[in-house]
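Reader: I have not looked at this one before, so could you take me through it slowly? I will ask as I go.

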Amino acid sequence: MQQLNSVEKRAAVALALVFSSRMLGLFMLLPVFALYGSELAGFSPLWIGLAIGAYGLTQAILQIPMGWLSDRIGRHKVMLGGLMLFALGSVVAALADSVYMVTLGRILQGGGAIAGAVLALAADLTREEQRPKVMAIIGVCIGLSFAVAMILGPLVARWAGLSGVFWFTALLALVAMALVWFVVPKSVQKAPTAETLALPQSLKAMLKHRQLVQLDLGVMLLHLMLTAIFVALPQLLTNTGLSSVKHWQFYLPILVGSFVLMLPMMIIAMRKAQEKGFFLVAIALLIAAMLSVLLLANFIGLVLGMLLFFIGFNFLEASLPALVSRIAPAGQRGSAMGIYSSSQFFGAFLGGLIGGAVVQQYGNQALFIVLAVIGLLWLLVASTLIIPERAQRLSLAVAVETELAAQQLAAQLSALTGVQEVTLLLTEQRCYLKVSSAEFDPAQAKAIIAAAEA
């Protein structure tokens, strides 16, 4: 939090709480629905998966449009509307007496797709040099919300049943709305749109960018595997003799242990510039996790398998967005991250659908075979990934009137030592640079821009 001003600190904490409280509510169903939803009409393994993953479908569809809408009508309005829809979905699921209505509630929950608006507001409220810190604080809180959900979900369900879980998530939504209304600072200026939100004209190019497509596929498969596992895992734990009220005793040490063991991987990968090697190791850990559950077929197998899985999951969950941000062309990070987020949530939907269908037709063991095969295919695709060297991103205001002048200015900036990419957007009157910080001299770029404006 050092060097953040008072507004940035307030924005970081408030937005992290808004984002993580919403994700906490979404995640809490994962460890409990397969056990506590059995009394609902229409309950089956397929509908377990659909109910667990349904939120991902509406999240994937609405993530980018809701970001665009926040640019038109304001971040706060979109955030409040999204949280209201999330609360409504929670109430529908809490009152449901059938698995179909629970699934409808989850779809409504996912309709509150406010991630783009939250991150865009975080960018609006922070200086460019401090923005990565604020984004990191939000990211850490999202990760913590998953860990808390794995522990809190079984405890709340044991105390108040499945409906109690949804009433609790509705309460979380109301708390988040209060934070947006009373605590989150109002935006007085906007950050450069292209770096924070998806631009329609950039989406097609992002879908043709090979490296970004590989990363989008990766996060989709990662969350497919995560969601699919929870179609079977709660019942497998119960079958080993661990009562549902004690499931948190399984999740807590697994999540803490996986985080502790993941940290050295992150540190070595960054300091030794071995990101790709550890990236592939993390995917291999996912595969090993599935094989451990399959081959040992007992409680020890579940412990080892889930420990390996969450070591790999935590590493990849932290690494993938960082790689997307690094690889995205200058001035198109918003579009790249928009497609990435949609892929992430679509993976959650596919995981529920595939996991439920496989368990219903072939049983729990077949699910882990399918997930191991998916992991192996991902490993093969990821082996061709090219990770570029680290680069700094700069955003500079310009004043150019014609397309020709913009092209000439971009050409001059591209010729500077250390400049890797230049994107100049006339509509924003802004130039985006991707540069090597060791070689680039920002004074030269500013002098060129000043001369062009003279």
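Reader: Which side chain meets that of aspartate 71 in a salt bridge at 3.1 Å, N to O?

Author: That partner is arginine 75, and I should say at the outset that we are looking at a predicted model, in which the side chains of aspartate 71 and arginine 75 come to 3.1 Å, N to O. Both aspartate 71 and arginine 75 are buried.

Reader: And what about arginine 72, where does that one pair?

Author: Arginine 72 also meets aspartate 71 in a salt bridge, here at 3.9 Å, N to O. Arginine 72 counts as exposed because its relative accessible area is 62%, while aspartate 71 counts as buried because its value is 16%.

Reader: Which residues are linked in that network of salt bridges?

Author: The network links Asp71, Arg72, Arg75 and Asp124. Side chains of opposite charge can pair when their charged atoms come close.

Reader: How many salt bridges does a search of the whole structure find?

Author: The search finds five, and one that sits elsewhere in the sequence joins glutamate 275 to arginine 326, with the closest N and O atoms 2.9 Å apart. Glutamate 275 belongs to helix 12 and arginine 326 to helix 13, so this pair ties together parts that are 51 residues apart in sequence. Glutamate 275 and arginine 326 are both buried.

Reader: Staying with helix 12, is phenylalanine 278 buried or exposed?

Author: Phenylalanine 278, which is found in helix 12, counts as buried because its relative accessibility is 17%, and the cut-off for buried is under 20%. Leaving out residues up to four places away in sequence, phenylalanine 278 touches Met265, Ile268, Ala269 and Phe315.

Reader: What does phenylalanine 279 touch?

Author: With residues up to four places away in sequence again left out, phenylalanine 279 touches Leu215, Phe315, Leu316, Leu320, Leu323, Trp378, Ala382 and Leu385. Phenylalanine 279 is also one of the residues with the most contacts inside the largest nonpolar core, a list that includes Phe33, Phe230 and Leu316 as well.

Reader: How many residues does that largest core have, and which helix gives the most to it?

Author: The largest nonpolar core has 134 residues, and helix 10, which covers residues 210–239, gives the most to it, with 17 residues. Apart from that core lies another one, of 17 residues, among them Leu394, Ala406, Leu424 and Ala445.

Reader: Where is threonine 227, and what does it touch?

Author: Threonine 227 is found in helix 10, and it counts as buried because its relative accessible area is 4%. Beyond the residues up to four places away in sequence, threonine 227 touches Ile52, Gly53, Ala348, Gly351 and Gly352.

Reader: Is serine 335 buried or exposed?

Author: Serine 335 is buried because its relative accessible area is 0%, and it lies in helix 14, residues 333–362. Its contacts, not counting residues up to four places away in sequence, are Ala194, Leu197, Ala198, Leu199, Ser202, Leu203 and Met206.

Reader: Let me switch to helix 11, what do its buried residues pack against?

Author: The buried residues of helix 11 pack against helix 2, helix 7, helix 10, helix 12 and helix 13. Those buried residues include Phe250, Ile254, Ser258, Met262 and Met266.

Reader: How far apart are its end C-alpha atoms?

Author: They are 37 Å apart, which agrees with the 36 Å that the 25 residues of helix 11 should span at 1.5 Å a residue.

Reader: Which residues form a nonpolar patch on the surface?

Author: The patch is formed by Leu252, Val256, Phe259, Val260, Leu263 and Ile267, which together have about 490 Å² of accessible area. Valine 260 has its place in helix 11, residues 247–271, and it counts as partly exposed because its relative accessibility is 49%. An α-helix has 3.6 residues a turn, so residues three or four places apart point the same way.

Reader: One last thing, what is the phi of alanine 297?

Author: The phi of alanine 297 is near 50°, a positive value in a residue other than glycine, and alanine 297 is found in the loop between helix 12 and helix 13. Most residues other than glycine have a negative phi. Glutamine 429, in the loop between strand 2 and strand 3, also has a positive phi near 50°.

Terms used: Residues are numbered from 1 along each chain as its sequence is written. This is a predicted model: local features need pLDDT of at least 70, side-chain atom pairs count only at pLDDT 80 or more; totals for chains, interfaces and linings use all residues. Side-chain values use heavy atoms; hydrogens and water are left out. Patches are made of residues with over 30% relative accessible area and no salt bridge: like charges are joined within 9 Å, nonpolar side chains (Val, Leu, Ile, Met, Phe, Trp, Tyr) within 5 Å. Accessible areas come from the Shrake-Rupley method with a 1.4 Å probe; for residues, only the protein chains shown count as cover. A salt bridge is a side-chain nitrogen of Lys or Arg within 4 Å of a carboxyl oxygen of Asp or Glu. Helices (H or I, at least four residues) and strands (E, at least two) are DSSP runs, numbered from the N terminus. Buried means under 20% relative accessible area, exposed over 50%, partly exposed in between (1.4 Å probe, protein chains only). A nonpolar core is a set of buried Ala, Val, Leu, Ile, Met, Phe, Trp, Tyr and Cys residues joined through side-chain atoms within 4.5 Å. Contact means heavy atoms within 4.5 Å. The expected span of a helix is 1.5 Å times one less than its number of residues.
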